[in-house]
Structures are given as C-alpha cells and as structure tokens.
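Work through the exercises below with the model open beside you, and try each task before reading its solution.

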Amino acid sequence: MSIHVNRTATILKPDQSRVLLRPFSPGDSQRVGSIIARIMSLPEDRIGALLDEISAEFSERHQQIRNLFLERFEQVRGAVLTDEKLSEQRRQLIGSYFLAEYSLESAALFNPSIVPHPDQTGLPTGALRFILSLRATGEGHISSITFRTGIIHPDHRIEVLTPTGFLTEPRQIPNPLYEKALFARKLLELGLTGEFTRRVMHRLGESFALAGLRASLEAEVKQSFLSDGMTHEDHNAAQGIWMLARTNYEAQFQPEQRLSERILFPANPSQSNGIEDARFAHFKNDDGAYVYYATYTAYDGQVIMPQLVETSDFLLFRFITLNGPAAENKGMALFPRKINGLYAMLSRQDNENIYLMFSDNVHFWYERKLLLNPTFPWELVQIGNCGSPIETEAGWLVLGHGVGPMRTYCIGAFLLDRDDPSKVIGRLREPLLKPNEDEREGYVPNVVYTCGALVHNGELIIPYGLADHATGFATVPLDEVLAAMHSEDC
C-alpha cells in the first residue's frame, strides 16, 4: 500500500536577528580590572551620554537592558579596585562592557519535537494547540533549546505563530532541596564511594539545600587539611560531589515572558558546548496528571552525556542527571507512560542498533535489550529513534532514522506491541521521508531528522529538520502508515 506524504509549505528558517544577551569575558581578572580602570577614568559628566547612546542602540533588542547592565556589573564587581561609591549610571556603563549579543540560531534551527500545549482553551472543535521545541545552533556550534507555539487546524493545516523579537534566559537556581538517598545513589553510580564522600554525606540531613552541601564540603575539606591533608582521591571526590549538585538544577522563567522568548542555553559545565536534540514526551503519571519530560544530549566539547529535563508548565524546568550503566550515548527517548508499572525508554548505546530499557526510577537505567538492528539498504550504517513512541490502537508507533549510502539520513517507522514493547510487530521496508531535491542542501547535506511527532485526528504530524539547517512539516494519514507495516521484516 502506498503512503501519501504531504510536505507542507511551512518552513522555519534560522533568523540571525534573534539575539541573546550573554556575559562577555575578555580575559583573566587582571585584564578585566584594567578595562574597568579605564572606564573609571572617564569623567562623570560623560557617563550619562555614553550610557544613553548604548541604551538607544540596543534597548529595542533587549528588554530592561539597564537592569541587565547592573546585574552584569555585580558579577564583575570584585575586579573594581576602589572603595569609591559608584553612581548607578557608572555601574550600568561598566556592566555594558562585559556583555555581548549572541545570535542564537545564526547557523541552524532544526531537529524539532512537538507536544500538545498545556492550554487548549479557545480553539475550534478539532484543532490542537502545540509546543514545538527546536535545536538552535549559533556561533561556535553551540546548541540550545528554543520554542514556538502553533495550531493544527481541523483541516490539518499547520500554523506556527511568529516569535517575538526578545530572547530571555531563565533564572538558574539550584534544586531547593536534594533528597539524600537519591543523591547518594547517584554518587554511587559515579563511583564516588570513598571515605571522604561518606563523611560529607554523614553531615547532611535526609534532605538538604545547596548551601548545606557547600558547608559540609568546606568543613570536610578543612578537616582533611588539619589532619593528613587532602589526597588526590579526596580532591576528585569533592569536585565530583559539587559537579553533581550543580548539574541538577532548576531554571525559572516569568509568566510574562512568551514561550518563543524562553531560551534554555547551556548553563553548567556538562552542557558547555550544547544542549542537543531534545525529545519531549507528554508523560501521563499514574494519577492521571501530565508532565513533560525531555531527554537530551549534553555536550562539553569532548564528552556526550544523556540528560533529562522535566516541566509541567514550560516556566519551571528541572534538569536531572541520568545514571546507571545503560545511561550512555545519544538518542534516548522516553515512552509517554509507564508500562507494567515501569518507565520505558528507547536507546542506542552502540551507535548502530535500537535498544529497549525499563526502570522503576526515571533517573536510573541499568539494563538494555536489543530491539532492532539495521536491515534495509537505506539504514545499513545505523538506526536510531526519532522521538517518544506514539500510542495507537495498533501498538506503539515509533519513528526512527536510518543512515545509508553517502551518509543520507531518512525517517522510517516501526510498530511495537502495546503491552510488551520488546515485541516488534511491524516495520516499514522503505523510508517514510527521505531528502528530496529541495531538502538536500544545508549545514549538513542529505539529512531529514525529527525528535518527535504526534497524531491528531488520524493524521501523523511530523516536524523535521532539513539538512541540519531549517525545519519543515509533513503530514501523513496514520492508517496508511500502519497498513504499510510488514511483520515479516521484524
């Protein structure tokens, strides 16, 4: 049976005018101090005019820009070598010299994931409001998560709302409280099990804040120096404990900030070179309430780490480490509900095959089972998932990618049993989507790729990246996809 794929006219292209205000560090503390000293030498009667000029040039690109100048000044205040009380305008001017615009999506806007919006009010019957997450890549190939909202209309027409011009990072806050048992379990997974770690954790209660952990670490470090001194192992343990705490954090946006203005930019060392390919799942908890989970790849320039982010409202985001021997490599995708009382996840630890994992805790993944391997010519290099499985009456529909000759990426699909997803009950022999002549050119040629689709009113809605540069949309009748599945190819 043939499958009728409709490529829509909606294309999202990278926009270099969407800029984020980021800290600028021109060098070490000595150079920072030299720059501040030169600014301090300016006469007070010139400060106001200079500040007005900067504000006039950039205030229409950034909201409350003078407050941002003050915030940045506070971050470099330690390099001010004077006890003189500085005027607010001079502090703002100093702050402005240590900020720079970053073009968030100057290189690419791709690898989208789509989920239902938590607010479905005010829509006509048969319409669905959605949230689209995208990987935005800018200078230095640094990737972050950006968002769009849109509507799937009753006739399957896809409308993506125009984003606003302002971009904002959230306030990063450490987790208000860490659970001691969970934190200790994560330390165990990291191999931080020595006597130093035991003593640090012994000082803490059943739950603790970051300040309490810092105090415990400082007390234990001080005690170590007073006795036999810090060993190399103790030093590594202290760094590892602190790194784990900082990797698990919360990020808070304000309600007045529109969704398209909210940017999840790398905020800790494990993410320093990018937050890549978020696969969002609209997850149904045991009590019927919904939460959004997204697996993503954190990259620090050398090491890739699978991570998890959780939100219920796209205002407060909780970043969580994934632990266990099976939590490795790219391409992890969470099922949107528990199966037989367990969390379920697709993965690809060996860069070639798709695996299935189960766990009683979404933070920890221990064992994997081979689910699918490359079979057809268009996927013989490798296969992987393309987002959270979609539950249908026929089974779990999973979009996957295959890499074939000339490193061409195509999107395929397979079907898993609803009650036992370790059983593959159907598979497409041919790609559902492969790059056409209009989609081959871009940042990385010959690639179509998605991080998540959804089904609405019998139609499979697939947002997908075009040559790792832009994002398009395709719609496909679900019954045609299911009818084309072949069980003998499983």
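**Exercise 1: the second largest cavity**

In this predicted model, the second largest cavity encloses about 50 Å³ of space. Determine which residues line the second largest cavity and which elements give two or more of them.

Solution. Begin with the lining itself, which is made up of Asp277, Arg279, Thr295, Tyr296, Thr297, Pro306, Asn329, Lys330, Gly331 and Met332. Next, assign these residues to elements: β12 (274-284) and β13 (290-299) are those that give two or more residues to the lining, and β13 gives the most, with three residues. Finally, sort the lining by class, which yields three nonpolar, four polar and three charged residues.

**Exercise 2: the largest cavity**

Describe the lining of the largest cavity, whose volume is about 80 Å³.

Solution. First, note that 13 residues line the largest cavity, and that Leu372, Trp378, Glu379, Phe414 and Arg427 lie nearest its centre. Then turn to the elements: β20 (382-385), β22 (395-403) and β23 (409-416) each supply at least two lining residues, with β23 giving the most, three residues. By class, the lining of the largest cavity divides into seven nonpolar, four polar and two charged residues.

**Exercise 3: a residue in a strand**

Decide whether Thr149 is buried or exposed, and list what Thr149 touches beyond four places in sequence.

Solution. Locate Thr149 in strand β6 (residues 143-152). Thr149 counts as buried because its relative accessible area is 18%, and the cut-off for buried is under 20%. Leaving out residues up to four places away in sequence, Thr149 touches His117, Phe130, Ile131, Glu159, Val160, Leu161 and Leu259.

Methods:
Residues are numbered from 1 along each chain as its sequence is written. This is a predicted model: local features need pLDDT of at least 70, side-chain atom pairs count only at pLDDT 80 or more; totals for chains, interfaces and linings use all residues. Side-chain values use heavy atoms; hydrogens and water are left out. Helices (H or I, at least four residues) and strands (E, at least two) are DSSP runs, numbered from the N terminus. Buried means under 20% relative accessible area, exposed over 50%, partly exposed in between (1.4 Å probe, protein chains only). Contact means heavy atoms within 4.5 Å. On a 1 Å grid over the protein atoms alone, a cavity is a set of points where a 1.4 Å probe fits but cannot get out, and a pocket is an open set with protein on both sides within 12 Å along at least five of seven lines; lining residues have an atom within 4 Å of a point. Ala, Val, Leu, Ile, Met, Phe, Trp, Tyr, Cys and Pro count as nonpolar, Asp, Glu, Lys and Arg as charged, and the others, Gly among them, as polar. Grid points are joined across faces, edges and corners, and a volume is the space filled by probe spheres set on the points.
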